[in-house]
There are 2 protein chains.
Amino acid sequence: MFRLLKTLGLQCAMRLKRSLSSEPSDSTPASPGTGVRDERKQRTRKALLDAALTLLDGERSFSSLSLREVAKVAGVVPAAFYRHFTGMDELGMSLVDDSFRTLHEMMRVARSAPLPPANLIARSVETFLRYAQAHRLHFQFIAKERVSGSSSVRLAIRKELRLWTSELAADLVAFPKLKGFNGDDLRMMAGLVVNAMMSATELILDADLNDAAELGRIHQLAQKQLMLIFLGAAQWKSKPVQ
Amino acid sequence: MFRLLKTLGLQCAMRLKRSLSSEPSDSTPASPGTGVRDERKQRTRKALLDAALTLLDGERSFSSLSLREVAKVAGVVPAAFYRHFTGMDELGMSLVDDSFRTLHEMMRVARSAPLPPANLIARSVETFLRYAQAHRLHFQFIAKERVSGSSSVRLAIRKELRLWTSELAADLVAFPKLKGFNGDDLRMMAGLVVNAMMSATELILDADLNDAAELGRIHQLAQKQLMLIFLGAAQWKSKPVQ
DNA sequence: GTCGTTAGTGAACATGTGTGCACTATAAAC
DNA sequence: GTTTATAGTGCACACATGTTCACTAACGAC
């Protein structure tokens with residue numbers, strides 16, 4: 001992790017130095033990190049990340065990808081890989097960052113345009129699964145490497161998922177039915193929701209995208225599971241005295 | 001899958017042929033598949049399976065294991081591998097079989113000695129997680145390859161998990177509180193339970209085995225999640241008219 | 001225009017890989 | 001005892017892998 005941060009930090013510092021010296025802070029649109037050179041570098045960096053995600057799509061797991069393979073798909077010679085990452089581990093950490101960036105963006109969009117209370121659960125499930133389908137590679141990466149990746153990648157993903165769970169718990173506090181939940185119990189419930197959604201995501205990602213019936217079944221299953229959870233949550237704390 | 005069945009079938013047939021011809025169905029204790037030779041073969045077969053499980057314990061994922069590596073840990077030359085499996089895929093399918101055999105055995109034991117209704121959920125969680133810890137390699141294999149394995153292994157695991165979910169649903173029908181559940185909804189609820197338990201299993205398998213506090217936290221989390229699910233289930237079907 | 005920096009190249013290396021083949025030793029069948 | 005079947009060996013091959021190194025070309029700073 002820290003190696004990734006160091007690299008990114010250095011790159012940012014370099015880019016900052018250049019823009020500071022070349023542009024005396026004037027009024028140019030200042031597209032960040034301008035310059036044909038930087039743009040090209042970022043492009044092949046992205047090509048490497050995309051190549052890994054693409055390779056990961058089918059059967060493969062991240063730990064079975066080879067550096068050469070990724071470089072080849074990215075249209076670059078193996079040695080060029082080292083201009084961007086110190087090795088596959090660091091590329092993996094970048095994928096974690098990117099993947100959770102898209103997940104958090106989804107949450108941001110969802111919060112900025114809140115759904116009407118009617119059918120809230122069903123609509124939320126719909127929105128989430130549709131988004132997961134649209135960004136299948138990122139969600140697939142999270143789902144796979146959450147459990148099977150190298151320990152650095154796996155731990156990073158698990159940390160992000162915990163963070164997401166906490167965010168969700170914070171959102172849940174707004175529901176009037178969930179009074180009387182303490183923080184721990186809220187996270188416990190949020191964990192249940194996250195599990196159900198991740199499980200549904202795995203099913204969606206493995207499903208035939210053209211089989212509308214199967215997709216519908218998965219959506220409905222997830223909706224019912226969430227409803228059951230909320231039904232239980234509305235009763236919580238009345239019986240269990242703890 | 002069918003290649004595995006074929007191989008096993010052939011081996012069984014061969015062993016059958018031998019025992020039929022060598023033993024005229026007399027009163028010898030007839031330990032099945034007797035003979036020093038068969039016993040030796042089964043021993044190195046098991047050594048190969050154990051080697052794979054052992055290698056899988058830490059960081060590695062099954063698809064990143066090499067045939068030579070497995071053979072070396074098993075204390076056998078690579079070519080000898082082919083006397084037992086046609087390749088790593090077939091060995092993977094055998095691991096699926098073995099892993100779910102231990103899971104089903106746990107269920108069998110649990111059913112034969114039913115728990116008293118008091119604290120039933122808490123005790124069941126305790127039993128399950130303790131069993132998972134005791135058979136960590138098998139449960140780890142299931143947890144990992146459920147989502148990241150080659151498609152044949154992954155599909156086999158998912159099929160077994162569906163089967164397990166159905167079994168659990170059949171068990172749930174005995175609860176008086178769960179009247180009014182149709183079969184689909186029972187499986188939906190059972191899926192929720194399975195998800196929660198698998199998620200807790202993943203946490204347990206990653207946890208430090210000596211950190212009693214952390215283990216306790218995981219146990220309690222899983223217990224609360226199951227309680228919440230059952231709380232919701234008790235209310236099911238009253239509100240949702242479907 | 002000149003020159004330094006650097007993203008990307010191509011070749012080389014040592015090592016690991018899956019798989020085939022002739023072989024050996026030994027349990028089992030006769 | 002003689003013969004047969006076979007689990008395991010040792011060696012070979014062609015190929016894939018991670019990493020290094022000197023090199024080239026072109027962008028950016030001056």
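Guide: Welcome! To compare the copies here, they are superposed by least squares on the C-alpha atoms of residues with pLDDT of at least 70 in both. Please keep in mind that this is a predicted model.

Visitor: What rotation superposes chain A on chain B?

Guide: The fit leaves an RMSD of 0.1 Å, with 0.0 Å of shift along the axis. The two copies are thus related as by a two-fold rotation axis. The rotation that superposes chain A on chain B is 180°.

Visitor: Which residue of chain A comes closest to the rotation axis?

Guide: Here the distance is taken from the C-alpha, and it comes to 1.6 Å. The residue of chain A with this closest approach is A:G232.

Visitor: How many of the interface residues of chain A, in percent, are also interface residues in chain B?

Guide: The copies meet through the same surface. That follows because the share of chain A's interface residues that are also interface residues in chain B is 100%.

Visitor: What is the pattern of chain A, read along the sequence?

Guide: Chain A has nine helices and zero strands. Read along the sequence, its pattern is therefore written with helix symbols: α-α-α-α-α-α-α-α-α.

Visitor: What percentage of the residues in chain A is buried?

Guide: A residue counts as buried when its relative accessible area is under 20%. Chain A has 242 residues, and the buried share of them is 44%.

Visitor: Is the pair of A:F128 and A:W164 stacked or edge-to-face?

Guide: Planes under 30 degrees apart count as stacked, and those over 60 as edge-to-face. The ring centres of A:F128 and A:W164 lie 5.9 Å apart, with their planes at 15°, so the pair is stacked.

Visitor: How many residues apart in sequence are the parts that this pair ties together?

Guide: A:F128 lies in helix α5 (residues 120-134) of chain A, while A:W164 lies in helix α7 (residues 151-172) of chain A. The pair therefore ties together parts whose separation in sequence is 36 residues.

Visitor: Is A:W164 buried or exposed?

Guide: Its partner A:F128 counts as buried at 7% relative accessibility. For A:W164 the relative accessible area is 3%, so this residue is buried.

Visitor: Which residues form one aromatic cluster with A:F128 and A:W164?

Guide: The structure holds 16 aromatic pairs over all chains. The cluster that includes A:F128 and A:W164 is completed by A:Y131 and A:F139.

Conventions. Residues are numbered from 1 along each chain as its sequence is written. Chains are lettered from A and ligands numbered from 1 in the order in which they are written. This is a predicted model: local features need pLDDT of at least 70, side-chain atom pairs count only at pLDDT 80 or more; totals for chains, interfaces and linings use all residues. Side-chain values use heavy atoms; hydrogens and water are left out. Rings of Phe, Tyr and Trp (its six-membered ring) pair if their centres lie within 6.5 Å; planes under 30 degrees apart count as stacked, over 60 as edge-to-face and the rest as tilted. Helices (H or I, at least four residues) and strands (E, at least two) are DSSP runs, numbered from the N terminus. Buried means under 20% relative accessible area, exposed over 50%, partly exposed in between (1.4 Å probe, protein chains only). Contact means heavy atoms within 4.5 Å.
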